[in-house]
Amino acid sequence: LLTGQVEFLKGVVAMDGLPPADRMEVCFAGRSNVGKSSLINALTGRKAIARTSNTPGRTQEINYFTAGDSHYLVDLPGYGFAKAPIPIVERWQRLLKAYLSGRATLRRAFLLVDMRHGVKPVDAEIMKLLNNSAVTFQVVLTKADKLSKAAQDQTLEQVRSALAKHPAAYPEIVVTSSESGDGIPTLRAIIADLT
Ligand code: GDP
């Protein structure tokens, strides 16, 4: 499903710009610099389909990709970038809320969390928002290659306790590294199995 047939469709800045809700979609959310672009590139096997950037918070659009005719992949703007001007932050919070509560075809949100950092307060805020919007969300830990097994286990414990508060949380946590490819086939299979 995800390899070889993913194409960029459009960048969306307002709800009326969303493509027709004619197929299921999954979205990817996470703090700026969490490794979201790298993960989408790894998932799709395309080196630069999602822009990898060291300028966090630059991309403010909801980016839509088509995966064959059956799925949309949706790349949400990175959040938690302190230097973004407040009006911009507020504008996209409104858009994010509208998107999460108004998109009937959204099957799952993948919430990316940097495995070195664990769940930060801003991630906990997004979890609340997802939960209140009744969007099933699943945590994907990124950059696992940067941690020892013991440090990985510590983050896993922290994430599990953060998830326990949220009925909309999907219990399985996916550990990934875009660098080594660990966990990428697992995540691909999870997306392909959604109906
Ligand atoms: P985004 O802002 O969330 O889209 O994050 P990027 O994909 O641009 O990645 C941010 C930084 O983290 C870049 O310097 C990437 O090279 C690095 N990075 C992303 N994924 C990984 C990973 O799995 N392992 C390691 N070691 N570095 C990563």
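A residue is counted as near the ligand if its C-beta atom, placed from the backbone, lies within 6 Å of the ligand. The legends below describe views of a predicted model.

**Figure 1. Residues surrounding the ligand in the predicted model.** The ligand is surrounded by 20 residues, among which Gly35, Lys36, Ser37, Ser38 and Glu179 come nearest. Helix H1, spanning residues 36-44, gives the most to this shell, contributing three residues. By residue class, the shell consists of 13 polar, five charged and two nonpolar residues.

**Figure 2. The open sheet of seven strands.** The strands are arranged in the order E1-E3-E4-E2-E5-E6-E7, and their pairing is mixed. Strand E1 (6-12) and strand E7 (174-175) form the edges, each pairing on one side only. In general, strands of a sheet pair through backbone hydrogen bonds, in either a parallel or an antiparallel manner.

**Figure 3. Pairing of strands E5 and E6.** Strand E6 comprises residues 137-142 and pairs with E5 in the parallel sense, over six bridges. Within this pair of strands, Ala109 stands opposite Phe137 of E6.

**Figure 4. The largest nonpolar core.** This core has 48 residues, and Val74, Leu111 and Leu112 are those with the most contacts inside it. Strand E5 (residues 106-114) supplies the largest share of the core, namely six residues.

**Figure 5. Surroundings of Leu111.** Leaving aside residues up to four places away in sequence, Leu111 touches Ala29 and Gly30, as well as Asp123, Ile126 and Met127. Leu111 also touches Phe137, Val139 and Val140. Phe137 is, in addition, the residue of E6 that Ala109 stands opposite.

Definitions and conventions. Residues numbered from 1 in each chain as written. Predicted model: local features only at pLDDT ≥ 70, side-chain atom pairs only at ≥ 80, totals over all residues. Core = buried A, V, L, I, M, F, W, Y, C linked by C-beta atoms within 7 Å. Buried ≥ 20, exposed ≤ 12 C-beta atoms within 10 Å, placed from the backbone. Helix = DSSP H or I, 4+ residues; strand = E, 2+ residues; numbered from the N terminus. Contact = placed C-beta atoms within 7 Å. Nonpolar A, V, L, I, M, F, W, Y, C, P; charged D, E, K, R; others polar. Pairing = 2+ DSSP bridges.
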